Amino acid sequence: MARSSPEGSASHSQPHHNPPTKIAASPSAMATSDNDESMVRNAIEGFLREPPVGTPPEVITALRLMAGDAADPLPPRLYFETVEQSPVAISITDSTANILYVNAAFEHLTGYLRDEVLGRNQSILSSNATPDSIYRQLWRTIQRKKTWTGTLVNQRKGGDEYLAELVISPVLNSSGEIAYFLGMHRDVTREHELASALRQQKTRIENVLDAAPTVMVLLDAEGEIILDNMEYKKLFGDLRGREPLPLIRAALREQAGFDPIDRTVPASGKGEDFKNVEVSLEAPGHLGPRWFSCSGTCISEQDGSARSYFGRGKHGDARLLLLATDVTARHREIERAHLEHLRARIAEQRLTQGMREALTAASYQIQTPLNLLRAASAMLANGAGTLEGFAPTLAQITETSEQALKTLQAALPDEIIEAGVSVNVNELVRHVLALETEALLASGVTVDWRPAHVLPEITARQTELRSLFKNLIDNALQATREGATGQRELHISTRALDDAVEVCIQDSGPGFPSGDRYKAFEPFYIGWRNRRGRAGMGLPLAQEIANQHGGSIEIDPDYSNGCRLLVTLTNALPRD
């Protein structure tokens, strides 16, 4: 006990008897003690064999208890030695909690020697960290002659506090009244610290799980939920009270072709984990399905039975940790980009179809003046006509030619003026290379891309510059296809000039003959052997865009192992 009863806290009037204190002795002293004990035992045994007439029976009973029975394997003193040598702290008090006896373990645990506590109240061990209500409950229990078991915060002689697990039992006399209290307690501070650390670790894990932006659920082999996190509970609410787990399992069975539990923790044999399997769930109130990327990992728990203490237990139960990450936003972005791509393709097809129709109509309309010109030319060659006679014919030729010109002009798309913004040329070239990756790989071209580490931004129209670089890279790709057999290479680099940015595009193609270097920038000039699909406007359009940005495109005349184009861009374009 750590506190006395209210009525006994100040009373020390009751006498008490201390049992013999355990003292170390020399071998000669121990021999003398054994002789004296033998003499006393022999005297008592002789007295008991022929007790004097009139000896009270109580005296005879007491002497028999003291001497013990030689045939009894458990003499009375053994009980005292057992208590004295017990590893559990034991104390005996009177009915008011004054200490009558403590064993050696009590001394070791509390730091008090028995001479320091005998006659003092058990409250010397009390700490104000224990609520008064616990002490009141303790006294109510033992005063009703019942055993109390509980935990108190006690303090040692030096003031250090420890957690004591106590068992206090009342000892009754022959009249059934409380005569003594037997107290046994042990230090459970370490167990409490470990339990607290375990609870803290559990709290940390739960907080981490709840903070994770991924649905997490731990399942047993039967598919029952052992643990889930906050995202799982949120999904439960989003599904209007429908349990998410059956829906996810059904989606994996129907869309991926397997059940997560049967695959990961099968009843027979070792399972197989899975990662990043995407499935869709129909969620009420959402536009379209919600997509989840699912992963499953088998976790084997340790056997917690007593047999497993020495490593002879069975294999632990298998669990499934199921993760489901919401990738709906990514799917919708992909779908949006796909739709935008389709819209662009459709618009491009419509524009192409419209231009083909306009060009076809213009081509048809041009046939009339051409036929008239051919007829007039033939008549003049044969001397069958005069200039005055051809005047109406020339007027008709002029009219039909103007109509064809109007048809061609109407087919031209409207020019869209793009706003000038601050751009990084490295990023624009990188984007174009990403778009051209498939074509470059198909042609077996090795790309050497060396951007400048530091490049100033310039004001430009992003779409126009992308078109510029795409035209130049397309020309370089075509050049490598028509070049001599061997390694096909494309080298692109950037560097900062004093007031501009320079982009160097170099290919391993046949290059330009010296006489064609200026003609290459003329509209409709085509220098390729394979002219199919070529309009001869790539370099002229690129040059026009460079000029709009205060720059230029030049063919390096000193480079002879292919073609090297030097593109210079400045900040001449005003920022909108």
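# Notebook: salt bridges, helices and a few odd angles

I looked up Asp-326 and found it partly exposed, with a relative accessible area of 34%. My terms for this are: buried for under 20% relative accessible area, exposed for over 50%, and partly exposed in between, with a 1.4 Å probe and protein chains only as cover. This is a predicted model, and I kept to its limits: local features need pLDDT of at least 70, side-chain atom pairs count only at pLDDT 80 or more, and totals for chains, interfaces and linings use all residues. Residues are numbered from 1 along each chain as its sequence is written, and side-chain values use heavy atoms, with hydrogens and water left out.

**Entry: the partner of Asp-326**

I asked which residue forms a salt bridge with Asp-326. It is Arg-290, with the closest N and O atoms 2.5 Å apart. This pair links distant parts of the chain, since Asp-326 sits in strand E10 (residues 318-326) and Arg-290 in strand E9 (residues 290-300), 36 residues apart. Arg-290 is buried, at 11% relative accessible area. A salt bridge here is a side-chain nitrogen of Lys or Arg within 4 Å of a carboxyl oxygen of Asp or Glu. Helices (H or I, at least four residues) and strands (E, at least two) are DSSP runs, numbered from the N terminus.

**Entry: more salt bridges**

I noted a general point: side chains of opposite charge can pair when their charged atoms come close. How many salt bridges does the rule give? The count comes to 24.

I then checked Arg-330 and found its side chain in a salt bridge with that of Glu-278, at 2.0 Å from N to O. Arg-330 belongs to helix H11 and Glu-278 to strand E8 (residues 274-281), so this pair ties together parts that are 52 residues apart in sequence. Both ends are partly exposed: Arg-330 has 42% relative accessibility, and Glu-278 has 31%.

Next came Arg-253 and Asp-259, whose side chains meet at 2.6 Å, N to O. I wondered whether Asp-259 is buried or exposed. Asp-259 turns out to be buried, at 6% relative accessible area, whereas Arg-253 is partly exposed, at 42%.

I also wrote down a network of salt bridges that links Glu-84, Glu-107 and Arg-114.

**Entry: helix H9**

I followed H9 over its 13 residues, 244-256. From the C-alpha at its start to its last, H9 reaches 17 Å, close to the 18 Å expected at 1.5 Å a residue; the expected span is 1.5 Å times one less than the number of residues. Which residues of H9 are buried? They are Pro-244, Leu-245, Ile-248, Arg-249, Ala-251 and Leu-252. These residues cover an arc of only 160° around the axis, which puts them on the same side of H9. The arc is taken from the directions from the helix axis to the C-beta atoms. I recalled why such a pattern can arise: an α-helix has 3.6 residues a turn, so residues three or four places apart point the same way. Just after H9, I met Gly-257, with a positive phi of about 85°.

**Entry: helix H7**

H7 (residues 189-211) has 23 residues and reaches 32 Å between its end C-alphas, close to the expected 33 Å. I listed its buried residues, among them Ser-196 and Leu-209. The buried residues of H7 pack against strands E4 (161-172), E5 (178-187), E6 (215-219) and E7 (225-228). Contact means heavy atoms within 4.5 Å.

**Entry: Ser-91**

I found Ser-91 in strand E1 (residues 89-94). Ser-91 counts as buried, at 2% relative accessibility. Leaving out residues up to four places away in sequence, Ser-91 touches Tyr-101, Val-102, Phe-106, Gln-122, Phe-181, Leu-182 and Gly-183.

**Entry: positive phi away from glycine**

Most residues other than glycine have a negative phi, and I looked up two that do not follow this.

- Lys-145 is not a glycine, yet its phi is positive, at about 65°. I located Lys-145 in the loop between helix H6 (132-143) and strand E3 (148-155), and it is partly exposed, at 41%.
- Asn-276 is not a glycine either and has a positive phi of about 50°. Asn-276 lies in strand E8 and counts as exposed, at 58% relative accessibility.
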